[in-house]
Amino acid sequence: MISFEFALQAARTSAMIFGRSTAKEQRSTIAMIENYAEKIKHESNGFIRHNGIRIVSVDEERSVLEAEITDNSRNVWGSVHGGFLYTMADTAAGAFARIKYGRRNVTLNGSMNYLRPTTHSKTLTAVGREIKVGGHVGFFEVNITDDTGALIARAEINMYFLKK
């Protein structure tokens, strides 16, 4: 899960990448990361909670989300709704970017490839990883697998890092 040591490293990384060099700004970044970590811990985001998506962990390498599939997750044909899968991917990329870089971010754009049907899936796992991060834009990939380990969908999500 998210540790204070990782938050501190994230603040230092943020300082190097985004020019936050003063101790006050680094403390502010650490406080923001700890606040976000607390939100993740208690799943206070109403949208992901409403959809049954749970953030399992976020560290310097990846984010991991899980969701149990219910009838509310499925479309009229019995498969998991594409919007549900996209929500998992978008959340995985955003949580990873927020924790690793300590910066608020929004989705700039995203592309999703749906690879397998999910009519028999009971749970889904989304794993988000960084591809490349520049000054204002980060590129992330997210793979979504089902309870059998089959790759269900793959997304590429671009996040825009907001100013303070």
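This section describes the fold, sheet, core and aromatic pairs of a predicted model.

The protein contains 4 helices and 6 strands. From the N terminus, these elements follow the order α-α-α-β-β-α-β-β-β-β. Of its 164 residues, 43% count as buried. The exposed surface amounts to about 8,800 Å². Carbon and sulfur atoms supply 50% of that surface. Among contacts with a separation of 6 or more, 64% join residues 24 or more positions apart.

The 6 strands form an open sheet. Their order is β1-β2-β4-β5-β6-β3, and the pairing is antiparallel. The edges are held by β1 and β3 (105–114). Each of these two has a single partner strand, so one side of each is left without a neighbour in the sheet. From one strand to the next, the twist averages 20°. Helix α4 packs on the sheet and touches β1, β2, β3, β4, β5 and β6. The direction of α4 makes about 135° with that of β3.

Two pairings within the sheet were examined further. Strands β4 and β5 run antiparallel and are joined by 9 bridges. Within this pairing, Ala-126 stands opposite Ile-144 of β5. A hairpin connects β4 to β5 through 3 residues. Gly-134 is found in the loop between these strands, β4 and β5. Its relative accessible area is 25%, so Gly-134 is partly exposed. The C-alpha atom of Gly-134 lies 9.8 Å from that of Tyr-160, a residue 26 positions away along the chain.

Strands β5 and β6 also pair in the antiparallel sense, over 9 bridges. Thr-145 has Leu-151 of β6 as its bridge partner. Glu-141 stands opposite Glu-156, again in β6. The hairpin of β5 and β6 has 4 residues between the strands. In this hairpin, Gly-149 takes a positive phi near 90°.

The loop between β2 and α4 holds another glycine, Gly-78. With a relative accessibility of 23%, Gly-78 counts as partly exposed. Leaving aside residues up to four places away in sequence, Gly-78 touches Thr-118 and Thr-119. Gly-78 and Thr-118 are 40 residues apart along the chain, yet 8.0 Å separates their C-alpha atoms.

Attention turns next to the interior. In soluble globular proteins, nonpolar side chains tend to be buried together. The largest nonpolar core of the model has 32 residues. Those with the most contacts inside this core are Phe-84, Met-88, Leu-124, Val-142 and Ile-144. At least two core residues come from each of β1 (53–58), β2 (63–68), α4 (82–101), β4 (123–133), β5 (137–146) and β6 (151–161). Helix α4 gives the most, with 11 residues. Phe-84 touches Asn-51, Ile-53, Ala-67, Ile-69, Ser-73 and Leu-124, when residues up to four places away in sequence are not counted. One of these partners, Leu-124, is itself listed among the core residues with the most contacts.

The structure holds 2 aromatic pairs. In one of them, the ring centres of Phe-96 and Phe-140 are 5.9 Å apart. Their planes meet at 70°, so this pair is edge-to-face. Phe-96 lies in helix α4 and Phe-140 in strand β5, so the pair ties together parts that are 44 residues apart in sequence. Phe-96 counts as buried, at 1% relative accessibility. Phe-140 is likewise buried, with a relative accessible area of 1%. Tyr-101 and Phe-161 form an aromatic pair that is edge-to-face. Here the distance is 5.8 Å centre to centre, with 70° between the planes. This pair links distant parts of the chain, with Tyr-101 in helix α4 and Phe-161 in strand β6, 60 residues apart. Tyr-101 and Phe-161 are both buried.

Helix α4 recurs throughout this description. It touches β1, β2, β3, β4, β5 and β6 of the sheet, and it gives the most residues to the largest nonpolar core. Helix α4 also carries Phe-96 and Tyr-101, each of which is part of an aromatic pair with a strand residue.

Conventions
Residues are numbered from 1 along each chain as its sequence is written. This is a predicted model: local features need pLDDT of at least 70, side-chain atom pairs count only at pLDDT 80 or more; totals for chains, interfaces and linings use all residues. Side-chain values use heavy atoms; hydrogens and water are left out. A nonpolar core is a set of buried Ala, Val, Leu, Ile, Met, Phe, Trp, Tyr and Cys residues joined through side-chain atoms within 4.5 Å. Buried means under 20% relative accessible area, exposed over 50%, partly exposed in between (1.4 Å probe, protein chains only). Contact means heavy atoms within 4.5 Å. Accessible areas come from the Shrake-Rupley method with a 1.4 Å probe; for residues, only the protein chains shown count as cover. Two strands pair if DSSP finds at least two bridges between them. Axes are lines fitted to C-alpha atoms, for helices over the stretch in contact, and angles run from 0 to 180 degrees between N-to-C directions. Rings of Phe, Tyr and Trp (its six-membered ring) pair if their centres lie within 6.5 Å; planes under 30 degrees apart count as stacked, over 60 as edge-to-face and the rest as tilted.
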